[in-house]
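Student: Hey, got a minute to walk through this one with me? I'd like to go spot by spot.

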Amino acid sequence: MNKKMVTIIAALAMCTAMAGCTGNDTASSSKAETTTTTTAAAESAAPAESTADSTSANVGTTDYDVDGDFRAFEQMKDKYEGNYLANLTGQMSNNGTKYTICIKDGKAYQALTVQGMKSYTVCPGDGKLYNVSEGTTTYSIEDDDGNQWKSADILFGATLDFDHAYIDTTTNVVHEYYNLDSSVSGGEGQIVYGFDGATYDLKQVVLLPEGADESSAVYFTVDSIGEADDSLLAVPDLSAYTKE
């Protein structure tokens, strides 16, 4: 399986590896323990440096009701599911890593830039996955089973049912917790969305493996989110690259 395309799986694998021996009791962890752990993880998350679709921070009060029917995730889902381009920056354990993810019509593009070295994978819908490394000017091509784009869809691809929400009154960020679909993510856990309490713009995404503490979570600041860019989803020009 192409490991560059599966963002969610790779991130959860990173979490589990960092958990080390502390993950031995994961299978027996209770729902209450997981809830406490994930809340602590989100509370300790690094502050977002920028807000998607917003030019200023909004610290103050929010009308969000944690026990109400409105969910900021559902609002975001209605607007962007199946058609978005997001730029993320890793925090904490993957500090500084830049991610670009583009999803549209069952096609996907995912780029990672680590210490200035960029690699990317394109799933253009032709039954192939194109893995390209700009650092080594090499590429490889793999078969696509038609579902790889779901694993690359970090915002929606593995999100299941709502679990709970809380408001950080210090930063006015609304944190919504959802369970992960292990058949897509490759592991049990939760995904936490951090929304601006005034605008409900997405500020942060946190991936939490079941039973792990906050030091093992993977944090992403959302730098921007908008509609998909079709040019990223085309078969890449590989004329300047060498096949691995």
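Student: Where does N83 sit?
Tutor: N83 is in strand β1, which covers residues 83–91. Keep in mind that this is a predicted model.

Student: OK, and is N83 buried or exposed?
Tutor: Partly exposed: N83 has a relative accessible area of 26%, and the cut-off for buried is under 20%.

Student: What does N83 touch, leaving out residues up to four places away in sequence?
Tutor: N83 touches I103, K104, G226, E227 and A228. With A228 there's a specific link, since the side chain of N83 reaches the backbone nitrogen of A228 at 2.9 Å.

Student: And how far is N83 from D105 in space?
Tutor: 7.2 Å, C-alpha to C-alpha, although N83 and D105 are 22 residues apart in sequence.

Student: Switching topic. How many residues of β8 are buried?
Tutor: 8 of its 8, for the strand spanning residues 173–180.

Student: Which strands does β8 pair with?
Tutor: β8 pairs with β7 (residues 159–168) in the antiparallel sense over 7 bridges. β8 and β9 also run antiparallel, joined by 7 bridges. For example, T159 has L180 in β8 as its bridge partner, while E176 is partnered with Y193 in β9.

Student: What's in the turn between β7 and β8?
Tutor: The two strands form a hairpin with 4 residues between them, and N172 in that turn has a positive phi of about 60°.

Student: Last one: where is D201, then?
Tutor: D201 is in the loop between β9 (189–196) and β10 (202–209).

Student: What's the nearest side chain of opposite charge to D201?
Tutor: That's K79, 6.4 Å away; D201 is buried yet has no salt bridge. The side chain of D201 does make a polar contact of 3.0 Å with the side chain of T199.

Conventions
Residues are numbered from 1 along each chain as its sequence is written. This is a predicted model: local features need pLDDT of at least 70, side-chain atom pairs count only at pLDDT 80 or more; totals for chains, interfaces and linings use all residues. Side-chain values use heavy atoms; hydrogens and water are left out. Buried means under 20% relative accessible area, exposed over 50%, partly exposed in between (1.4 Å probe, protein chains only). Lys and Arg count as positive and Asp and Glu as negative; His and the chain ends are not counted. A salt bridge is a side-chain nitrogen of Lys or Arg within 4 Å of a carboxyl oxygen of Asp or Glu. A polar contact is a pair of N or O atoms within 3.5 Å; within protein, one must be able to donate a hydrogen and the other to accept it, and residues adjacent in sequence count only if both atoms are side-chain atoms. Contact means heavy atoms within 4.5 Å. Two strands pair if DSSP finds at least two bridges between them.
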